[in-house]
Amino acid sequence: MKRKDVLGLLDLSAEEIDEILSVGMNMKKLLRQNIKKLPHLQGKSVTTLFYENSTRTRCSFELAAKYMGAHTVNISASSSSVTKGETLVDTGKTLDAMKNDVIVIRHPMGGAPHLLAKTVKAHVVNAGDGMNEHPSQALLDMLTMRENFGGIEGLKVAILGDIRHSRVAKSNLFGLRKLGAEVSMFAPRTLIPAEIDKMGAKVCRSREEAVEGADVVMGLRIQLERQQGGNFPSLGEYAKYYGVNDEVMKYAKPGALVMHPGPVNRGVELTSALIDGDTSRIEEQVLSGIAVRMAILFLLTKEEV
Ligand code: CP
């Protein structure tokens, strides 16, 4: 991969996505053997710069960097000089001056990682920007699918939940379509973004239609922190009329996989039985997360090693 930054799957070619997934598969094999000491990032510094909360993404980028021998620094906006008024660009320049090699950024504003990438020498990885993209999440979802099905081409993936506020939905749509999968989507009309069909999604009128013949059913979190109110009556009614349960799963292919990027609102997007069931790959997604982030960090910095 010959690029400075990973900002979104809209920008990546099918070949680049395939390369990340191939390296990610190898990294996952090593992780399954409990190998957590690799030389790929020795002498490099990786900073996670998070302006929003995170468990999975921040932790797995940090572990990915550490398992490959990098020095790691974590910055939370709430405990940094951002609270004193420092701008994003000045924060980035400060990290550059410290000879930092990679900045992994999560920010509530769409486009913030792109601005940072233009102004710093360090490689920038988008760990989620507002409602725009979350490329490493979609890549780990695709890695999980590739491992389970042997490939992505021809898969049917149903995505149900808060699609409007979801950067995960958009990154998955871009990536899955580039690799030849079909993507169907369902949500209350208030949670479907305008023109998502023009980006390649099949927007469905019912959860049964979306799930019909699916290989993978992916629930997305109802993003309570981003709701302006009035998008649906209550979480209970959302679960009853829009959530995925055993009855809805009967429309999918037998043994279809259940996925969710997390964090999950248990019993809302998916029933607890599905989250904890045999077809759930939610915990496997977490391991894929470390593997794919190892692949991203390695491929971005490898020319310099
Ligand atoms: N899936 C995801 O981005 O989770 P976190 O918010 O915990 O990082």
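A residue counts as buried when its relative accessible area is under 20%, and as partly exposed between that value and 50%. This cut-off applies to the cysteine view of this predicted model.

**Figure 1. Two cysteines of the predicted model, viewed by accessibility.** Cysteine 204 has a relative accessible area of 4% and is therefore buried. Cysteine 59, in turn, has a relative accessibility of 40%, so this residue is classed as partly exposed. The number of disulfides in the model is zero.

**Figure 2. The residues around the ligand.** The ligand is surrounded by Ser54, Thr55, Arg56, Thr57, Arg106, His134, Gln137, Pro261, Gly262 and Pro263. By class, this shell comprises six polar, two charged and two nonpolar residues. The ligand occupies the largest pocket.

**Figure 3. Polar contacts of the ligand with serine 54, glutamine 137 and glycine 262.** In the side chain of serine 54, an N or O atom lies 2.6 Å from an oxygen atom of the ligand. Glutamine 137 places a polar side-chain atom 3.0 Å from a ligand nitrogen. At glycine 262 the backbone provides the partner, with a polar atom 3.0 Å from a nitrogen atom of the ligand. Of the 250 Å² of accessible area that the ligand has on its own, 91% is covered by the protein.

How values were computed
Residues numbered from 1 in each chain as written. Predicted model: local features only at pLDDT ≥ 70, side-chain atom pairs only at ≥ 80, totals over all residues. Heavy atoms only, no water. Near = heavy atom within 4 Å. Polar contact = N/O pair within 3.5 Å; in protein donor to acceptor, adjacent residues only side chain to side chain. Areas by Shrake-Rupley, 256 points an atom, 1.4 Å probe, with all protein chains shown as cover. 1 Å grid on protein atoms, 1.4 Å probe; cavity = no way out; pocket = protein on both sides within 12 Å on 5 of 7 lines; lining within 4 Å. Sits in = over half its atoms within 2 Å of the grid points. Nonpolar A, V, L, I, M, F, W, Y, C, P; charged D, E, K, R; others polar. Disulfide = S-S within 2.5 Å. Buried < 20%, exposed > 50% of the residue type's maximum accessible area, 1.4 Å probe, protein only.
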